[in-house]
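Colleague: I should like to examine the reasoning behind the terms used for this model. Please set each value against its definition before concluding.

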Amino acid sequence: MDARAVVVRVVLAVLLSAALLSLALPAADTARDQRAATLAAGEAEQVASAAERLARTNDPVSRGATRPLAVRVPAGTAIRLGNGTLAWLQDGRRHRVDAAVRLAGDLTLGSGRHRIRLSLVRRNGTAVVAVRRFKAERAATAARVRPPLRRAGVSL
C-alpha cells in the first residue's frame, strides 16, 4: 500500500466523520432542549401539586401552614412563580402550568437547585399560597444558636 492510498483513506474517514457529526449534533441539541422542557414542566407541576396539597389539607390563618420544597431547574430554562401565575420559560417562550390555588409573591428561579417555602395565608379574604426563597441555612440558624458557655475551659 502506497502513501497516497493511506492519505486518501484518512481524508475519506475524516470527511465521513464530519458528515456524521453534522447530522448528529442538531438531533442532540433537540433532544437536550426537549429533556430540559420536560424536566422544567415536571418541576413546575410539582410546585403546583404541593401548593394544592397545602391548600387542601390546611386552613389559612394569619400565620398559615408552610411547606419547604426543593426545586431543580434545568439549564436553559427558568420557572416563574407568583403574581397568580406558575410558568416555565425556555428560549423566550412561556409555558403556563395550571394550579388550582392562586400563588402570591414574585419569584423567578434560574437554572440550578433552589429551596423555596410555600405558605398558606389569607389575603383580602382569599386563601393564597405565598412563595418565597428559603433563607440560607447559616442566616436562618445563626441568630438562634448561642455560643457554648465556657467555664474553666469546658463547654457546657
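Modeller: Two strands are said to pair if DSSP finds at least two bridges between them. With that settled, I should add that this is a predicted model. In it, 4 strands form an open sheet in the order 1-7-8-5, with mixed pairing.

Colleague: Why are strand 1 and strand 5 called the edges of the sheet?

Modeller: Strand 1 and strand 5 each have a single partner strand, so one side of each is left without a neighbour in the sheet.

Colleague: How do you know that strand 7 and strand 8 count as paired?

Modeller: The definition asks for at least two bridges. Strand 7 and strand 8 are joined by 8 bridges and run antiparallel, so they count as paired. I116, for instance, has R133 in strand 8 as its bridge partner.

Colleague: What is the order of helices and strands along the chain?

Modeller: The chain holds 2 helices and 10 strands, and the pattern along the sequence reads α-β-β-β-β-β-β-β-β-α-β-β. Of its 156 residues, 28% count as buried.

Colleague: How does the span of helix 1 compare with the expected one?

Modeller: Helix 1 covers residues 3-57. Its 55 residues reach 79 Å from the first C-alpha to the last, close to the 81 Å expected at 1.5 Å a residue.

Colleague: Which residues of helix 1 are buried, and against what do they pack?

Modeller: The buried residues of helix 1 include A36, A37, A40, E43, V47 and L54. The buried residues of this helix pack against strand 1, strand 2, strand 3, strand 5, strand 7 and strand 8.

Colleague: Why is L12 called exposed?

Modeller: Exposed requires over 50% relative accessible area. L12 has 52% relative accessibility, and therefore counts as exposed. L12 lies in helix 1 and belongs to a nonpolar surface patch with V7, V8, V11 and L15, which together have about 460 Å² of accessible area.

Colleague: Is Q90 buried or exposed, and what does Q90 touch?

Modeller: The limit for buried is under 20%. Q90 has a relative accessible area of 6%, so Q90 is buried. Q90 lies in strand 3. Leaving out residues up to four places away in sequence, Q90 touches D33, A36, A37, G76 and T77; A36 and A37 are among the buried residues of helix 1.

Colleague: What makes R94 partly exposed?

Modeller: Partly exposed lies between the limits of 20% and 50%. R94 has a relative accessible area of 49%, and therefore falls in that class. R94 is found in strand 4. Beyond its neighbours within four places in sequence, R94 is in contact with T85, A87, W88 and L89. The C-alpha atoms of R94 and I79 are separated by 9.4 Å, the two residues being 15 apart along the chain.

Colleague: How do you know that R80 and D106 form a salt bridge?

Modeller: The definition sets a limit of 4 Å between a side-chain nitrogen of Lys or Arg and a carboxyl oxygen of Asp or Glu. The closest N and O atoms of R80 and D106 are 2.8 Å apart, so the pair qualifies. The pair links distant parts of the chain, with R80 in strand 2 and D106 in strand 6, 26 residues apart. A search of the whole structure finds 1 salt bridge.

Colleague: Is R80 buried or partly exposed?

Modeller: R80 has a relative accessible area of 31%, so R80 is partly exposed.

Definitions and conventions
Residues are numbered from 1 along each chain as its sequence is written. This is a predicted model: local features need pLDDT of at least 70, side-chain atom pairs count only at pLDDT 80 or more; totals for chains, interfaces and linings use all residues. Side-chain values use heavy atoms; hydrogens and water are left out. Buried means under 20% relative accessible area, exposed over 50%, partly exposed in between (1.4 Å probe, protein chains only). Patches are made of residues with over 30% relative accessible area and no salt bridge: like charges are joined within 9 Å, nonpolar side chains (Val, Leu, Ile, Met, Phe, Trp, Tyr) within 5 Å. Accessible areas come from the Shrake-Rupley method with a 1.4 Å probe; for residues, only the protein chains shown count as cover. The expected span of a helix is 1.5 Å times one less than its number of residues. Contact means heavy atoms within 4.5 Å.
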